[in-house]
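User: Pick one part of this model and take a close look at it for me. Then tell me about a few spots elsewhere that deserve a second glance.

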Amino acid sequence: MLPESSSPHGEAQIGASADTNGGVKNKAKAKANANANANANASSADAAYLQASAITSLRLDVLLSVGRHRLTGRAQRADGDARALEMALSLREALVAEKTTPPEVELIPWHQGPEGDDTEAALRGYLGMGLDAIRWIKAPAAADAMAPLRASLTSPSAEDAYHRQARLVLCGMRAEQGEGTGMLPMVLAEQLGWAWVPGVVALERIEAIEGRQRHAEDGEPGKVNDCEETALFRAIVLQALPQGQRRRLAVTLPAILGVDSAAPAARQSAFGPARRGQLRLVESGEELVLDPAVEQWPLIPARARPKRLKIVTATSARDRFKAAAAKAEGGGGRVLEDVSAAEGAAAILSMLEAEGVLPAGGVRHGQQGSPQGDGR
């Protein structure tokens with residue numbers, strides 16, 4: 001006699017022997033077989049469900065800006081955006097090199113800015129990294145970049161026919177010219193309703209989550225409209241923390257990643273691909289909003305503030321070396337808790353006078369406030 005799980009013929013023989021021995025065993029065995037068949041159907045349905053939620057296509061949008069050389073001031077590719085492009089290219093190459101069937105990867109670089117020879121030279125530096133084309137939204141320098149970029153990123157893709165496309169946007173932490181506040185990706189993520197992750201140094205993988213957002217049709221729980229199914233995906237990224245620490249995060253897509261300066265350096269730009277690449281002018285379909293105040297701002301290159309030198313009064317070489325190698329400790333400040341507004345203002349004025357920002361006694365005695373004439 002064969003075991004139950006070997007073949008259907010073995011199950012039939014077991015059922016025939018149960019009929020000759022009694023009807024109770026036959027009913028119990030039939031019920032067990034029915035439960036086993038139901039479990040098998042459920043497991044096969046779950047397997048098909050997980051397979052259907054796999055990634056069919058991946059869209060990587062990279063925001064590129066024009067950088068400036070620190071010494072010469074010449075236009076070049078921005079370091080942060082070049083590292084973001086390097087991360088996107090490395091991910092695409094890793095997916096193509098996999099033995100399994102890779103998803104369709106759609107890499108779309110974007111740039112918005114005015115026309116100029118310096119701008120074209122800087123963008124061709126990105127093309128030399130292995131890009132076929134860059135989508136260029138021409139706009140004045142004083143134009144708001146939010147509306148055109150938002151419309152471009154939300155434009156439908158040809159690969160997203162079944163709502164199973166993973167979306168990811170990469171960019172540097174801040175621009176190297178202009179305002180350079182680093183607020184653009186954060187505001188863009190807020191307007192799009194996407195996740196924002198700063199300080200990313202590595203993009204490890206993109207995987208499908210075991211659940212999907214389903215929308216029932218006509219309120220019936222058992223009836224689902226397949227055209228409105230939305231697959232869920234997440235990206236496993238490595239985030240840089242202070243003092244060289246790292247943190248692994250799982251981010252639900254779509255998301256915008258800000259690439260840190262500690263990410264792998266960008267590859268060298270080749271001259272041939274840089275000349276063969278195309279700069280395609282595109283229209284976002286949104287009206288450009290100009291800010292007249294930006295045109296009147298005096299913009300100067302940002303420079304690092306000099307560090308304050310510590311005065312060493314030691315006489316011997318050993319004491320001077322110990323003072324130079326000692327860790328700086330901030331012991332001059334104090335924490336104010338449960339104080340009045342007058343006491344807090346007095347402490348701030350004292351600190352400003354000690355730092356040399358305000359003249360000693362100039363503000364206090366120049367104002368007529370309290371009876372002592374200290375302006376409080």
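Analyst: Let's settle the naming before anything else: helices (H or I, at least four residues) and strands (E, at least two) are DSSP runs, numbered from the N terminus. What you're looking at is a predicted model, so local features need pLDDT of at least 70 and side-chain atom pairs count only at pLDDT 80 or more, while totals for chains, interfaces and linings use all residues. Residues are numbered from 1 along each chain as its sequence is written, and side-chain values use heavy atoms, with hydrogens and water left out.

A bit of context to start. The protein has eleven helices and eleven strands. Of its 376 residues, 31% are buried, where buried means under 20% relative accessible area, exposed means over 50% and partly exposed is in between (1.4 Å probe, protein chains only). A contact here means heavy atoms within 4.5 Å. Take the contacts between residues at least 6 apart in sequence, and 72% of them join residues at least 24 apart.

The part I'd zoom in on is helix 5, together with its partner helix 6. Helix 5 covers residues 146-153, and seven of its eight residues are buried. Those seven are Met146, Ala147, Pro148, Leu149, Ala151, Ser152 and Leu153. What covers them includes strand 1 (57-63), strand 4 (104-113), strand 5 (133-138) and strand 6 (165-172), along with helix 6.

Now for helix 6, residues 184-192, where the buried residues are Pro185, Leu188, Ala189 and Leu192. They sit on the same side of helix 6, because they cover an arc of only 100 degrees around the axis; that arc is taken over the directions from the helix axis to the C-beta atoms. As a general reminder, an α-helix has 3.6 residues a turn, so residues three or four places apart point the same way. Just after helix 6 comes Gly193, with a positive phi near 80 degrees.

How do the two helices pack? The axes of helix 5 and helix 6 come within 10 Å and cross at roughly 55 degrees. That angle makes the pair oblique. For the bookkeeping, axes are lines fitted to C-alpha atoms, for helices over the stretch in contact, and angles run from 0 to 180 degrees between N-to-C directions. Angles under 35 degrees count as roughly parallel, over 145 as roughly antiparallel, 65 to 115 as roughly perpendicular, and the rest as oblique. The crossing of helix 5 and helix 6 is right-handed, meaning that the near helix is turned clockwise from the far one by less than a right angle; anticlockwise would be left-handed.

On the helix 5 side, the contact uses Met146, Leu149, Arg150 and Leu153, and helix 6 answers with Leu184, Val187, Leu188, Gln191 and Leu192. By type, that's seven nonpolar residues, one polar and one charged. The sorting rule is that Ala, Val, Leu, Ile, Met, Phe, Trp, Tyr, Cys and Pro count as nonpolar, Asp, Glu, Lys and Arg as charged, and the others, Gly among them, as polar. Leu188 and Leu192 appear in this contact and also among the buried residues of helix 6.

Now the spots elsewhere. Arg83, in helix 3 (residues 79-97), is buried at 14% relative accessibility. Leaving out neighbours within four places in sequence, Arg83 contacts Val259, Asp260, Ser261, Ala263, Pro264, Ala265 and Ala266. Its C-alpha atom is 8.3 Å from that of Cys171, 88 residues away along the chain.

Asp118 belongs to helix 4 (residues 117-127) and is partly exposed, at 46% relative accessibility. Not counting residues up to four places away, Asp118 touches Arg68 and Ala75.

Finally, some backbone oddities. Most residues other than glycine have a negative phi, and most peptide bonds are trans. Gln243 has a positive phi of about 65 degrees; it lies in the loop between strand 8 (230-240) and strand 9 and is exposed at 77%. Asp338 also has a positive phi, near 55 degrees, in the loop between helix 9 (317-325) and helix 10 (341-355), and is exposed at 84%. The peptide bond from Leu253 to Pro254 is cis, with omega near 5 degrees, and Pro254 sits in the loop between strand 9 (246-252) and strand 10 (255-259).
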